[in-house]
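Here is a short tour for anyone who likes to look at a fold before setting up a calculation. Keep the viewer open and follow along.

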Amino acid sequence: MIRSRHAVLSLGLSLVSLLPLSAAQAQAPSAERQAQLEHLLVQDCGSCHGLRMTGGLGPALTLDAIAGKPRDSLIATVTHGRPGTAMPGWNALLDEHDIAWLVDLLLEGYPKP
């Protein structure tokens, strides 16, 4: 009895360890939504940050420019904006998964050379 309970507990712990991966995959925007978000990034974000994210009215968002900035801080900026600047908060139009996907795209070096 103790052995079978231990086996069940071990199996349960193994399955729980897979949950974050499954949850992250489930939260990723669909391919269609990703295309919409990339269009938004180029058109809307690019109107201030430059079409290649090299800066303009807003600062550059190139990989070099955002290197060392915490992901959570970048997400907070996109979500809530920057008071006293032209940077609006996007939480009225984008959900947390959309915003995280956009930030991750920038952290991967968007746009690719």
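## Surface and burial

In this predicted model, the protein chain exposes about 7,800 Å². Carbon and sulfur atoms supply 62% of that exposed area. Burial is the other side of the picture: 27% of the 113 residues of the protein chain count as buried.

## Overall fold

How many helices and strands does the protein chain have? There are 5 helices and 0 strands, and reading along the sequence gives the pattern α-α-α-α-α.

Contacts across the sequence are worth a look too. Taking the contacts between residues at least 6 apart in sequence, 53% join residues at least 24 apart.

## The nonpolar core

The largest nonpolar core holds 20 residues. Those touching the most other members are Leu40, Leu41, Leu94, Ile99, Leu102, Val103 and Leu106. Helices α2, α4 and α5 each give two or more residues to this core, and α5 gives the most, with 7 residues.

Leucine 102 is a handy place to zoom in. This leucine is found in helix α5. Why does leucine 102 count as buried? Its relative accessible area is 5%, and the cut-off for burial is under 20%, so leucine 102 qualifies. Leaving aside neighbours within four places in sequence, leucine 102 is in contact with Leu37, Leu40, Leu41 and Leu94.

One of those partners, leucine 41, lies 61 residues from leucine 102 along the chain, yet their C-alpha atoms are separated by 7.6 Å. With residues up to four places away in sequence not counted, leucine 41 touches Gly46, Met53, Leu102, Leu105, Leu106 and Tyr110.

## Helix α4 and its surroundings

Next, turn to α4, which spans 71-80. Its buried residues are Leu74, Ile75, Thr77, Val78 and Thr79. What do these buried residues pack against? They pack against α3 and α5. After α4 comes glycine 81, whose phi is positive, near 80°.

Threonine 77 is found in this helix. Is threonine 77 buried or exposed? Its relative accessibility is 17% and burial means under 20%, so threonine 77 counts as buried. Beyond the residues up to four places away in sequence, threonine 77 touches Arg82, Met87 and Pro88.

## The largest pocket

Now for the open space. Rolling a probe the size of a water molecule over the atoms shows where empty space is left. The largest pocket has a volume of about 550 Å³. It is lined by 26 residues, and the closest to its centre are His49, Pro59, Leu61, Thr77 and Met87. Threonine 77 and Met87, both in that group, also touch each other.

Which elements give two or more residues to the lining of the largest pocket? They are α2 (31-49), α3 (63-66), α4 (71-80) and α5 (96-107). The largest share of the lining, 5 residues, comes from α2. By residue class, the lining divides into 19 nonpolar, 4 polar and 3 charged residues.

## Putting it together

Two views meet in the helices. Helices α2, α4 and α5 give two or more residues to the largest nonpolar core, and α2, α3, α4 and α5 do so for the lining of the largest pocket. The largest contribution to the core comes from α5, whereas α2 provides the largest share of the pocket lining.

Technical notes: Residues numbered from 1 in each chain as written. Predicted model: local features only at pLDDT ≥ 70, side-chain atom pairs only at ≥ 80, totals over all residues. Heavy atoms only, no water. Helix = DSSP H or I, 4+ residues; strand = E, 2+ residues; numbered from the N terminus. Buried < 20%, exposed > 50% of the residue type's maximum accessible area, 1.4 Å probe, protein only. Contact = heavy atoms within 4.5 Å. Areas by Shrake-Rupley, 256 points an atom, 1.4 Å probe, with all protein chains shown as cover. 1 Å grid on protein atoms, 1.4 Å probe; cavity = no way out; pocket = protein on both sides within 12 Å on 5 of 7 lines; lining within 4 Å. Points joined across faces, edges and corners; volume = space filled by probe spheres on them. Nonpolar A, V, L, I, M, F, W, Y, C, P; charged D, E, K, R; others polar. Core = buried A, V, L, I, M, F, W, Y, C linked by side-chain atoms within 4.5 Å.
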